[in-house]
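Here is a friendly briefing to read alongside the structure. Please have your viewer open, and take the topics one at a time.

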Amino acid sequence: MCSRGLEDSLVDELYTFDGVESIRKNKSGANFNASPEIICRLNLWARIPSRILIQLGKTQINNADELLIFANKINWGEWFTPSNSFRVDVNITGKLPRSMSANFVALKFKDGMCDRFRADFNGKRPTVNTKNPEIRIWIHFFNSLVTASIDTSGEPLFKRGWRQNKGIAPIKENLVSALLGMTNWDMSKPLMDPMCGSGTFVIEAMQKFTQLPCNYTPSRIRKFAFENFSPGSPFNNTNWKVLLQEAHDRWEDKNKIIKNIPLVIGSDSNIKMLEVAKLNAWHALPNKISKSIVWKVNDFLNYNASEKKISSSGILVTNPPFGFRIKLSENEKKIFIEKLGTVLKKNFSGWTVWILTNEKRFSSIIHLRNGEKFPVFNGDIACNWLSFEMVTGNMKNNYEI
Ligand SMILES: C[S@@+](CC[C@H](N)C(=O)[O-])C[C@H]1O[C@@H](n2cnc3c(N)ncnc32)[C@H](O)[C@@H]1O
């Protein structure tokens, strides 16, 4: 599973893993075949997915009885036991069969699962825990075609574990990872987020391009749902300790090898946010890499034009403070975007600027012609990831649209 709009990035990433086969893109995700060991590896290292599910059954359902039979047919005891807690989540695409609702489906399916447990475990069944379940089951309806899957991740994978404090409007780590991939930044040029908030772009960039495992940090080793699977599950033969050690070794290596660390800058007008970002970076990155990040308190709209130019070229990435959880009036937003345009034109010629925005008229307000345009979703908000080449010299045509 992944956020809407990231399916191509997900597929591209899956192709980089050995042992991931028969990859097929679908809506908000991709299907593939892989061994339990590769699934554990993906949970530790893949940056784009939100969750990794294993499909346990698929059938056509026309009524509640058929749903009950479907739930009853799956050998749940192979995966978990009555001593585990669980919850059932339902996803719907298209129309559910008549007289069914998402709640009804979840309840009915749970009943079918419990019947099977009682039959297999002398009347015992696992308890439901909707808040903090050890096991999560996903039911996906595509009209009357239903699939049942078990979640191997547990907490969504964008919760990397390094975020100690979220800030006002953080952006999901896996979205940022995909957005950075779209910029084709190869570490040869500086990278800057001038409105960095809790530091997600800066931290993800450093992790991604130094090839650190995204879901392993020594200061908080997160748990995955597959660790709760029963000893008889297909995951039993996977040596999780070895996989964790591999991730730890990479972390240690990156702490020693400090050559060619690119210039990465995070700045924000809010000093408290910058403190949050620094703390997050300290948890997310080996010491030497985290220390190499340049953090600055700076009101970007009043960027000091007389300041020495950072570099003749670079990548500027950001999601400005409007449209998401931070509300600005239409006029305030317009003024903000215009000022942003002035600062970029004056001080960042030679740079490529990437902006995540849900403002449809962004390019015309900022008076810049965008190059690339990737439609993505930030949570439920439809946005565009827009690129602007800031040209050197007097190329008026590029600026005025
Ligand atoms: C949508 S948030 C960015 C969230 C960020 N990407 C993260 O990972 O948490 C926008 C940020 O812009 C900052 N900001 C607002 N006006 C600014 C300005 N004039 N100069 C610099 N930063 C500004 C806010 O303090 C806020 O942290």
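**The open sheet**

Five strands form an open sheet with the order 3-7-6-4-5, and their pairing is mixed. Its edges are strand 3 (53-60) and strand 5 (127-128), each of which pairs on one side only. Please keep in mind that this is a predicted model.

**Strand pairing and the helix on the sheet**

- As background, strands of a sheet pair through backbone hydrogen bonds, in either a parallel or an antiparallel way.
- Strand 6 (residues 135-142) and strand 7 (residues 145-151) are an antiparallel pair, joined over six bridges.
- If you would like one bridge to look at, H140 has T147 in strand 7 as its bridge partner.
- Helix 4 (residues 102-120) packs on this sheet, where it touches strand 4 (85-93), strand 5 and strand 6.
- The direction of helix 4 makes about 140 degrees with that of strand 4.

**K95, in a loop**

- K95 sits in the loop that runs between strand 4 and helix 4.
- Is K95 buried or exposed? K95 is exposed, because just 11 other C-beta atoms lie within 10 Å, and a residue counts as exposed at 12 or fewer.
- Between K95 and C40 there are 34 Å in space, C-alpha to C-alpha, while the two are 55 residues apart in sequence.

**Helix 8 and its two sides**

- Helix 8 (residues 271-284) is made of 14 residues.
- From first C-alpha to last, helix 8 reaches 20 Å, close to the 20 Å expected at 1.5 Å a residue.
- Which residues of helix 8 are buried? They are M273, L274, V276, A277, N280, A281 and A284.
- These buried residues are on the same side of helix 8 because they cover an arc of only 155 degrees around the axis.
- I271 and K272, on the other side of helix 8, are exposed.
- The cover over the buried residues of helix 8 includes two helices and two strands: helix 6 (200-209), helix 9 (287-292), strand 9 (264-268) and strand 10 (294-297).

**Two domains**

- According to the domain assignment, the protein has domain 1 (7-151) and domain 2 (173-210 + 261-399).
- How far apart do the C-alpha centres of domain 1 and domain 2 lie? The distance is 37 Å.
- Contact between the domains involves five residues of domain 1 and five residues of domain 2.

How values were computed. Residues numbered from 1 in each chain as written. Predicted model: local features only at pLDDT ≥ 70, side-chain atom pairs only at ≥ 80, totals over all residues. Pairing = 2+ DSSP bridges. Helix = DSSP H or I, 4+ residues; strand = E, 2+ residues; numbered from the N terminus. Contact = placed C-beta atoms within 7 Å. Axes fitted to C-alpha atoms, helices over the stretch in contact; angles between N-to-C directions. Expected span 1.5 Å × (residues − 1). Buried ≥ 20, exposed ≤ 12 C-beta atoms within 10 Å, placed from the backbone. Arc of directions from axis to C-beta. Domains from an automatic or database assignment.
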